[in-house]
Amino acid sequence: MCRFLLFVLCCLVLGVSSCALGPYGLQAARYTRTATATVIEVYSFGGTLRILDEDRGATLGFRKSAYVYEREKLSGNAIGQEWSFFYTPNPVGAPVCRASTSVGIELQATPEISRFGLGVLDQVISIGPAIGESRIVSFSYDRRNPAVTAVYISHNLQEEKQTHEKESN
Amino acid sequence: MRKKVISHKVLALGLPLLMYGCGSPTHLAFHQNTVFGVDVAVSPETNNVKAAVGYDRNTIALIPTSKLQTEEGSTKNQAMSVVGLTKIKVPWFSHQSIKERFATGQAARNLVKDKEGMRKFLEDK
């Protein structure tokens, strides 16, 4: 029984030729840029080893992971969507939200949780600042429609009040 | 020669425990989790090992703590100041949408003192 399971596991690893290591490998990513946010949805199949600090782990099977970032202030990228294949670079800094759906074997070693999963695993994690940091974060993210994603981050209450006033205007 | 066999149970429980040393919650995090299958998880915050077989769904807020020196010279844990609002829509067999707003640290403490600011902050637009 043990050998059979090992055989099935080997078949999965070898049969499915795709694999990815960090941002490189057989994976596809859709970049959605809105006025205030950048959403990266990464689709991978086969063996995937993730080395990003906020999303460390490995998957054997299918995984769709999405990372929501505040839009880079000096970004020259236009609002819209584009696909990237084989190389999926992430913006500098930590995402404000991370969502993933994985089907298969999942190993996760993130600061929030360490786990081993088998089957379907779906999770959404909102990531705030470290202890001692004063920050106001407001975001909305629809997993079916990333084009309506909005992220606002401010570092003091006065700034947040101005943001509210801008929104109401 | 005697063969050493690693039990599946030891492997299943051991992997997350091995990974536990990789990190501890240093940041505020709101975590929603849905599992259909087998899941063995370790929370660095509580050191609890949780195993689930079948369907499981949970929502967790991880609030980091720091050591605070008291006047008597002893230390005690102090949780991070947080004011937050979360709105989640979870349709059947589909992906959810999330709206989240939170203030931390001094901003959260200022917000608590400012009733009008707090009311605006918690308004669901």
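Colleague: Which strand of chain A gives the most to the nonpolar patch?

Modeller: β5(A) gives the most to the nonpolar patch, with 4 residues. Please note that this is a predicted model, and the confidence values will be discussed below.

Colleague: Which residues form the nonpolar patch on the surface?

Modeller: The patch consists of A:Y24, A:L26, A:W83, A:F85, A:F86 and A:Y87. Together these residues have about 690 Å² of accessible area. At least two of the patch residues come from each of β2 (24–33) and β5 (80–87) of chain A.

Colleague: Is A:Y87 buried, partly exposed or exposed?

Modeller: The class follows from relative accessible area, with buried meaning under 20% and exposed over 50%. A:Y87, which is found in strand β5 of chain A, has a value of 37% and is therefore partly exposed.

Colleague: How does A:R50 read by the criterion of relative accessibility, as buried or exposed?

Modeller: A:R50 has a relative accessibility of 8%, so this arginine counts as buried. The residue lies in strand β3 of chain A, which covers residues 37–50.

Colleague: What does A:R50 touch, if residues up to four places away in sequence are not counted?

Modeller: The list contains A:D55, A:R56, A:G57, A:A58, A:T59, A:R63, A:Y67, A:E106 and A:L107. For A:D55 there is a further detail: a polar atom of the A:R50 side chain lies 3.1 Å from the backbone oxygen of A:D55.

Colleague: How should the secondary structure of chain A be read along the sequence?

Modeller: One first takes the elements in total, then their order. Chain A has 2 helices and 9 strands, and the order is α-β-β-β-β-β-β-β-β-β-α.

Colleague: And what pattern does chain B follow?

Modeller: Chain B has 3 helices and 6 strands. Its pattern along the sequence is α-β-β-β-β-β-β-α-α.

Colleague: What percentage of residues counts as buried in chain A, and what percentage in chain B?

Modeller: In chain A, 51% of the 169 residues count as buried. In chain B, buried residues make up 34% of 125.

Colleague: What can be said of the accessible surface of chain A and that of chain B?

Modeller: One may consider the total area and then the share of carbon and sulfur atoms. For chain A the accessible surface is about 8100 Å², with 65% belonging to carbon and sulfur atoms. For chain B the accessible surface is about 8300 Å², and carbon and sulfur atoms hold 59% of that area.

Colleague: How are contacts distributed along the sequence in chain A and in chain B?

Modeller: The reading starts from contacts between residues at least 6 apart in sequence. Of these, 60% in chain A join residues at least 24 apart, while the figure in chain B is 39%.

Colleague: What is the mean pLDDT of chain A, and where is the pLDDT below 50?

Modeller: The mean for chain A is 80, and 78% of its residues reach 70 or more. Over residues 159–164 of chain A the pLDDT is below 50, and this stretch has 11 contacts in the model beyond near neighbours in sequence.

Colleague: Which elements of chain B have the lowest and the highest mean pLDDT?

Modeller: The mean pLDDT of chain B as a whole is 76, with 74% of its residues reaching 70 or more. Among its elements, helix α1 (residues 8–20) has the lowest mean, 44, and strand β6 (residues 97–104) has the highest, 89. The pLDDT is below 50 over residues 1–23 of chain B, a stretch with 28 contacts in the model beyond near neighbours in sequence.

Colleague: What ipTM and pTM does the predictor give the complex?

Modeller: The ipTM is 0.73 and the pTM is 0.77.

How values were computed. Residues numbered from 1 in each chain as written. Chains lettered and ligands numbered in written order. Heavy atoms only, no water. Buried < 20%, exposed > 50% of the residue type's maximum accessible area, 1.4 Å probe, protein only. Contact = heavy atoms within 4.5 Å. Areas by Shrake-Rupley, 256 points an atom, 1.4 Å probe, with all protein chains shown as cover. Patch = residues over 30% accessible without salt bridge, like charges linked within 9 Å, V, L, I, M, F, W, Y side chains within 5 Å. Salt bridge = Lys/Arg side-chain N within 4 Å of Asp/Glu carboxyl O. Polar contact = N/O pair within 3.5 Å; in protein donor to acceptor, adjacent residues only side chain to side chain. pLDDT = per-residue confidence, 0-100.
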